[in-house]
Amino acid sequence: MEFVEETRGRFRLPLKVYGRSVLGAPLHYVPCTEACRILVMAGIHGEEPETTFLLSRALRAFASPLKDIAFVLCANPDGMTLGTRGNANGVDLNRNFPTSNWSPELVSSRSVLEAPRDTLLSPGSVAGSEPETQALLNLIQELEPKSILSMHAPIACVDAPVRSELVDALCERFNLPWQADIGYPTPGSLGTWCKERQTAVAPAERLVGAPLECVTLELPRMPLEALFDRFGAAFAELLCNI
């Protein structure tokens, strides 16, 4: 797919509001034209702006929505604006999902990948406490995708418990290794919530929902321009063909 100059400066796809952030920013998503098969989301961590940047650049190749793929460009607009990993309440949204292993303990993260875990965030007052989390859960329930592709950075891998067609396509296009596990506990994460949709929770006879694949694309550490130059067209082409 070739990017032409007129597609780079303007985002032409329709946007719908699926909620509001803590500070009142609209939470936007790009709808698909038929039943949703994949939901692609970026920017749940405000300190990972490259995810929103690359997704936006790839989507600017399209003048109309895709048939069965929907997109959330930035799941944490307050954090992106403030330059913080968490939302305006200081909550790590990817530890705020209502999972069986959600923990009230503070969440530690690194300022840079090689640093010790020197930043502490809240997982929320309770699981699902944040408006951004609640809105995303409602959107997933409304769209009923079969898979979620969640974009992060900068660990440089494709993290998913099963090596599916989507995982293989991402590994090939981004030249990244597959990892079945990120290597450390992630209580209250979107990935854990997706896994638990296909398992029984208390009360034992109640199911959370239909099985839902969650694939995490961890972008490599690269300057923004290099990310687009290396992956922009390939990512857009993947979205056309997956």
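Is D168 buried, partly exposed or exposed? In this predicted model, D168 turns out to be partly exposed, with a relative accessible area of 34%. Its side chain meets that of R163 in a salt bridge, with N and O 2.5 Å apart. R163 is also partly exposed, at 44% relative accessibility. The general idea behind such pairs is a simple one: side chains of opposite charge can pair when their charged atoms come close.

The count of salt bridges comes to five, and a few of them are worth a look one by one. R173 and E237 meet through their side chains, with 3.7 Å from N to O. This pair ties together distant parts of the chain, with R173 in helix 5 (residues 165–174) and E237 in helix 7 (residues 224–241), 64 residues apart. As for cover, R173 is partly exposed at 28% relative accessible area, and E237 is partly exposed as well, at 32%.

Then there is the pair of R85 and D92, whose closest N and O atoms are 3.8 Å apart. Here the setting is a buried one. R85 has a relative accessibility of 16% and so counts as buried, because the cut-off for that label is under 20%. D92 is buried too, with a relative accessible area of 1%. The story does not stop at two residues, since E48 joins R85 and D92 in a network of salt bridges.

Next along the chain from E48 comes a helix with plenty of cover. Helix 2 spans residues 49–59 and is mostly covered, with nine of its eleven residues buried. The buried ones are E50, T51, T52, F53, L54, L55, S56, A58 and L59.

Now for the open spaces. The largest pocket has a volume of about 1,200 Å³. Its lining is made by 50 residues, and those that lie nearest its centre are R95, I182, Y184, T186 and E218. Several elements give two or more residues to this lining: strand 5 (107–110), strand 7 (147–152), strand 8 (155–159), helix 6 (190–196) and strand 12 (213–220). Of these, helix 6 provides the largest share, with five residues. Sorted by class, the lining of the pocket holds 21 nonpolar residues, 14 polar ones and 15 charged ones.

What about enclosed space? A search of the whole structure turns up one cavity of 30 Å³ or more. The largest cavity holds about 30 Å³ of space. Its lining is made by I38, V40, I69, L149, L166, L238, L239 and I242. Strand 3 (38–41) and helix 7 each supply at least two of these residues. In terms of class, the cavity lining has eight nonpolar residues, no polar ones and no charged ones. Helix 7 thus appears twice in this account, once as a contributor to the cavity lining and once as the home of E237.

On the outside, V22, L23 and L82 make a nonpolar surface patch of about 270 Å². One of the three, L82, lies in helix 3 (residues 77–82).

Two loop residues round off the picture. P98 sits in the loop between helix 3 and strand 5. At 37% relative accessibility, P98 counts as partly exposed. P98 and G188 are 90 residues apart in sequence, yet their C-alpha atoms are 6.1 Å apart in space.

The other loop residue is C36, found between strand 2 (26–29) and strand 3. C36 counts as buried, with a relative accessibility of 7%. Along the chain, C36 and L176 are 140 residues apart, and in space their C-alpha atoms are separated by 26 Å.

Methods:
Residues are numbered from 1 along each chain as its sequence is written. This is a predicted model: local features need pLDDT of at least 70, side-chain atom pairs count only at pLDDT 80 or more; totals for chains, interfaces and linings use all residues. Side-chain values use heavy atoms; hydrogens and water are left out. Patches are made of residues with over 30% relative accessible area and no salt bridge: like charges are joined within 9 Å, nonpolar side chains (Val, Leu, Ile, Met, Phe, Trp, Tyr) within 5 Å. Accessible areas come from the Shrake-Rupley method with a 1.4 Å probe; for residues, only the protein chains shown count as cover. A salt bridge is a side-chain nitrogen of Lys or Arg within 4 Å of a carboxyl oxygen of Asp or Glu. Helices (H or I, at least four residues) and strands (E, at least two) are DSSP runs, numbered from the N terminus. On a 1 Å grid over the protein atoms alone, a cavity is a set of points where a 1.4 Å probe fits but cannot get out, and a pocket is an open set with protein on both sides within 12 Å along at least five of seven lines; lining residues have an atom within 4 Å of a point. Grid points are joined across faces, edges and corners, and a volume is the space filled by probe spheres set on the points. Ala, Val, Leu, Ile, Met, Phe, Trp, Tyr, Cys and Pro count as nonpolar, Asp, Glu, Lys and Arg as charged, and the others, Gly among them, as polar. Buried means under 20% relative accessible area, exposed over 50%, partly exposed in between (1.4 Å probe, protein chains only).
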